[in-house]
Amino acid sequence: ADAFLVKFPGLAVLQLDLSLRSNAAATDVPFADVARRLAQRGVCVEVTRLRCRAVQYEFLRAALDNAGAAVNQMCEDEPPAVYAFSHPKYA
């Protein structure tokens with residue numbers, strides 16, 4: 001997080017397009033910690049797309065949400081890049 005702020009002084013919004021390999025562990029999410037640290041420093045972190053296995057999606061979305069990142073919803077006319085989230089907060 002500090003490297004982003006040093007490299008880009010005045011950074012206000014960081015948009016991420018995340019894609020995980022199928023063999024990646026759902027609990028191995030260092031980018032959630034980066035999102036948390038940036039959000040704590042006043043940077044708006046937006047996840048524009050989240051591509052991963054269905055079993056990873058809900059965990060990752062909750063981890064990013066808990067970290068302070070905004071995980072964007074898909075448009076209905078857009079091809080499915082993410083899996084539906086079952087938590088009532090996002091229904």
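**Note on the predicted model: helix H2, strands E1 and E2, and the salt bridges**

1. Arg37 counts as partly exposed, because its relative accessibility is 38% and the partly exposed class lies between 20% and 50%. The model is a predicted one, and in it Arg37 forms a salt bridge with Asp33, the closest N and O atoms being 3.1 Å apart. Asp33 is likewise partly exposed, with a relative accessible area of 30%. Both residues belong to helix H2, where they stand four residues apart, or about one turn of the helix. The pairing is part of a network of salt bridges that links Asp33, Arg36 and Arg37.

2. The other side of the description of H2 (residues 30-40) concerns its buried residues, which are Phe31, Ala32, Ala35 and Leu38. These four lie on the same side of H2, because they cover an arc of only 125° around the axis. The buried residues of H2 pack against helix H1 (2-7), strand E1, strand E2 and helix H3 (54-66). On the face of H2 turned away from the buried side are the exposed residues Pro30 and Gln40. Just after H2, Gly42 adopts a positive phi of about 90°.

3. Taken as a whole, the protein has three helices and three strands, and from the N terminus on these elements follow the order α-β-α-β-α-β. Of the contacts in the protein with a separation of 6 or more, 79% are between residues 24 or more positions apart. Buried residues make up 30% of the 91 residues, while the protein exposes about 5900 Å², of which carbon and sulfur atoms supply 54%.

4. Strands E1 (residues 13-19) and E2 (residues 44-51) pair in the parallel sense, over seven bridges. In a regular strand the side chains alternate between the two faces of the sheet. For E1, the covered face consists of Leu14, Leu16 and Leu18, whereas Val13, Gln15, Asp17 and Ser19 make up the uncovered one.

5. Asp17, on that uncovered face, deserves a separate remark, since two residues of E2 should be kept apart when reading its surroundings: the bridge partner of Asp17 in the strand pairing is Arg49, whereas the salt bridge of Asp17 is with Arg51, the closest N and O atoms being 3.1 Å apart. The salt bridge links distant parts of the chain, with Arg51 in strand E2 and Asp17 in strand E1, 34 residues apart. Both residues count as partly exposed, Arg51 at 29% relative accessibility and Asp17 at 45%.

6. A search of the whole structure finds four salt bridges, and among them is one in which the side chains of Asp2 and Arg41 meet at 3.2 Å, N to O. Asp2 lies in helix H1 and Arg41 in the loop between H2 and E2, so this pair ties together parts that are 39 residues apart in sequence. Asp2 is partly exposed at 47% relative accessibility, and Arg41 is partly exposed at 41%.

7. As to confidence, the pLDDT of the protein averages 77, and 76% of the residues score at least 70. Among the elements, H2 has the highest mean pLDDT (89) and H3 the lowest (84). Over residues 78-87 the pLDDT is below 50, although this stretch has 23 contacts in the model beyond near neighbours in sequence.

Terms used
Residues are numbered from 1 along each chain as its sequence is written. This is a predicted model: local features need pLDDT of at least 70, side-chain atom pairs count only at pLDDT 80 or more; totals for chains, interfaces and linings use all residues. Side-chain values use heavy atoms; hydrogens and water are left out. Buried means under 20% relative accessible area, exposed over 50%, partly exposed in between (1.4 Å probe, protein chains only). Two strands pair if DSSP finds at least two bridges between them. Contact means heavy atoms within 4.5 Å. Accessible areas come from the Shrake-Rupley method with a 1.4 Å probe; for residues, only the protein chains shown count as cover. The arc is that of the directions from the helix axis to the C-beta atoms. pLDDT is the predictor's confidence in each residue, from 0 to 100.
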